[in-house]
Structure formats: C-alpha cells, structure tokens
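Work through the exercises below with the sequence and the model in view. Each task is followed by a solution in steps.

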Amino acid sequence: MNFKHPRILELGCGDAFVVSQSANQWEFDYLGIDQSKHAINLAKASLSASCPNAKVDFIEGEMLHEVSTLDAEFDIIIAGYCIHHLSSVHKQKAFSKIVKLLSTGGVFIFYDIEMKASESVEEYNKRATQFYEKHWINLSRDKVVRINAHATQCDIPESEVFYRMLFNNAGFKQLEKVFSDENELYALYLAKLSPFRS
Ligand SMILES: C[S@@+](CC[C@H](N)C(=O)[O-])C[C@H]1O[C@@H](n2cnc3c(N)ncnc32)[C@H](O)[C@@H]1O
C-alpha cells in the first residue's frame, strides 16, 4: 500500500486496536463506525494516544445502515471481526456498499472467523468454543463462558467459498487470501477494484 494521506474507514471499529498499532506514524483521516459508545470511547483514546498525525471521526450506529448514508471515498476500508454478526444476505449488502465507497486504487481489508466448507454454523461454533476453552487460558473462567455464549448465540461464520462469491458479486477484481490460521478458524483477505501490481 502506498498512500500519502489515506482516508480510512473502519466498520465495527471496536477500540481501533489494529489501526492504532499499525499506523502510528502515518498522516491519515479516519472514520470509525460502531454501535457501541463504549467501544468508540476506547478507540478515541487509543488513536489520540498512538496516532498523533491522524484526523479521527466516529459514527455511533449500525454499520450497514451507516455505510448506506455515506457520500465519501476511502483508500482503505477495514472490516475486522464484525461482518460475522450480519446475516448472509446482509453480508452481501455490506460488501456491495463497501465497493461503492472504495477509491479506484483502494484496498478493502477483511478479516473474520471462517468455517470449513464442510461445516455447518453449529459445527464451527462448537469447534471454536472448544478451542477457546482449551487455549485461552489467560482469561478468567467467567470471561471464557461469556465469550462462548456470545459466539454460540451471535456469530454467523461463513466459508471461503461463500466469501469469494461475495467479493466477486460485489465487483472486486482482485482478491488475495493473505492469512489463515493453522486451526482454520480465521482468515484475512485483501480485495481491490483494480489488479494488484506485481
Ligand atoms: C470483535 S469486535 C472487533 C473490533 C475491531 N474491528 C477489531 O478487529 O479489533 C466487533 C465490533 O463490532 C461492533 N459491531 C458488531 N455488529 C455491529 C453492527 N451491526 N453495527 C456496528 N457495529 C457492530 C461491536 O460493537 C464491536 O465493537
């Protein structure tokens, strides 16, 4: 990525951890959308402490609704661990809105939970919650129980095949899956409207 002063949009920004950790020295404009006021307050504090050259703004609201109201262009759009809260139909709508907001040379960074092609949502959530039980040992028992309850009740994972179809339907021309963990629970994609330069 080579942007002089990128305009960044982050859906479901949470505490903006990824941007605050990776863009410290950049000059950039940032718009974060999240339905949680608490998360936005954390993001504000984090970005003002770690990204002194950034101009930041936030919208507190539902991301699919809010992206529909935007009339702007962004060089980097990030959606991390939030799209899985949407139904399959709304995921497609979100990707289609994102395409409209992306600049010609811009990049969409998408990372989320991802199930195997052979799995159902229930099978994935069972495998994921068993993994958290076994490996997230530094968290208190109460936190793991609450995370697992949230995952079981709220998370709607999809497969790589499904996400590739969404990217394609939305009109992305280039797609790279740049990360998948060894347990096949998560994936990260970079997508562009124009071909990647080699
Ligand atoms: C697991 S956190 C991820 C935060 C951040 N993107 C990251 O990668 O660290 C999910 C965030 O998405 C937000 N969220 C989930 N569904 C949303 C929706 N429909 N509209 C707006 N925000 C949403 C939650 O409030 C939460 O802050």
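**Exercise 1. Describe the surroundings of the ligand.**

Step 1. Find the residues that come nearest to the ligand. The shell has 16 residues, and Gly 12, Gly 14, Met 63, Gly 80 and Cys 82 come nearest. A residue is near the ligand if its C-beta atom, placed from the backbone, lies within 6 Å of it.

Step 2. Note how the model is to be read. This is a predicted model, in which local features need pLDDT of at least 70, side-chain atom pairs count only at pLDDT 80 or more, and totals for chains, interfaces and linings use all residues. Residues are numbered from 1 along each chain as its sequence is written.

Step 3. Assign the shell to elements. Helix H1 (17-22) and strand E2 (28-34) each supply at least two of its residues. Helices (H or I, at least four residues) and strands (E, at least two) are DSSP runs, numbered from the N terminus.

Step 4. Sort the shell by class. There are 8 nonpolar, 6 polar and 2 charged residues. Ala, Val, Leu, Ile, Met, Phe, Trp, Tyr, Cys and Pro count as nonpolar, Asp, Glu, Lys and Arg as charged, and the others, Gly among them, as polar.

**Exercise 2. Check the length of helix H4 and find its buried side.**

Step 1. Compare the expected and actual spans. H4 (residues 88-101) has 14 residues, which at 1.5 Å a residue should span 20 Å; the end C-alpha atoms are 21 Å apart, which agrees. The expected span is 1.5 Å times one less than the number of residues.

Step 2. List the buried residues. In H4 these are Lys 91, Ala 94, Phe 95, Lys 97 and Ile 98. They cover an arc of only 165° around the axis, which puts them on the same side of H4. The arc is that of the directions from the helix axis to the C-beta atoms. A residue is buried if 20 or more other C-beta atoms lie within 10 Å of its own, exposed if 12 or fewer, and partly exposed in between.

Step 3. Recall the general rule. An α-helix has 3.6 residues a turn, so residues three or four places apart point the same way.

Step 4. Name the packing partners. The buried residues of H4 pack against elements including helix H3 (63-69), strand E4 (74-80) and helix H7 (160-170). Contact means that the C-beta atoms of two residues, placed from the backbone, lie within 7 Å.

**Exercise 3. Repeat the analysis for helix H2 (37-50).**

Step 1. The 14 residues of H2 should span 20 Å at 1.5 Å a residue, and the end C-alpha atoms are 20 Å apart, which agrees.

Step 2. Ile 40, Ala 43 and Leu 47 are the buried residues of H2. They cover an arc of only 60° around the axis, which puts them on the same side of H2.

Step 3. The face turned away from this buried side carries the exposed residues His 38, Ser 48 and Ala 49. The cover over the buried residues of H2 includes H1, E2 and strand E3 (54-60).

**Exercise 4. Where is Gln 35, and which residues does it touch?**

Step 1. Gln 35 lies in the loop between E2 and H2. Gln 35 is partly exposed, with 16 other C-beta atoms within 10 Å.

Step 2. Not counting residues up to four places away in sequence, Gln 35 touches Glu 60, Gly 61 and Glu 62.

**Exercise 5. Locate Tyr 81 and state its phi.**

Step 1. Tyr 81 is in the loop between E4 and H4.

Step 2. Phi of Tyr 81 is near 50°, a positive value in a residue other than glycine.
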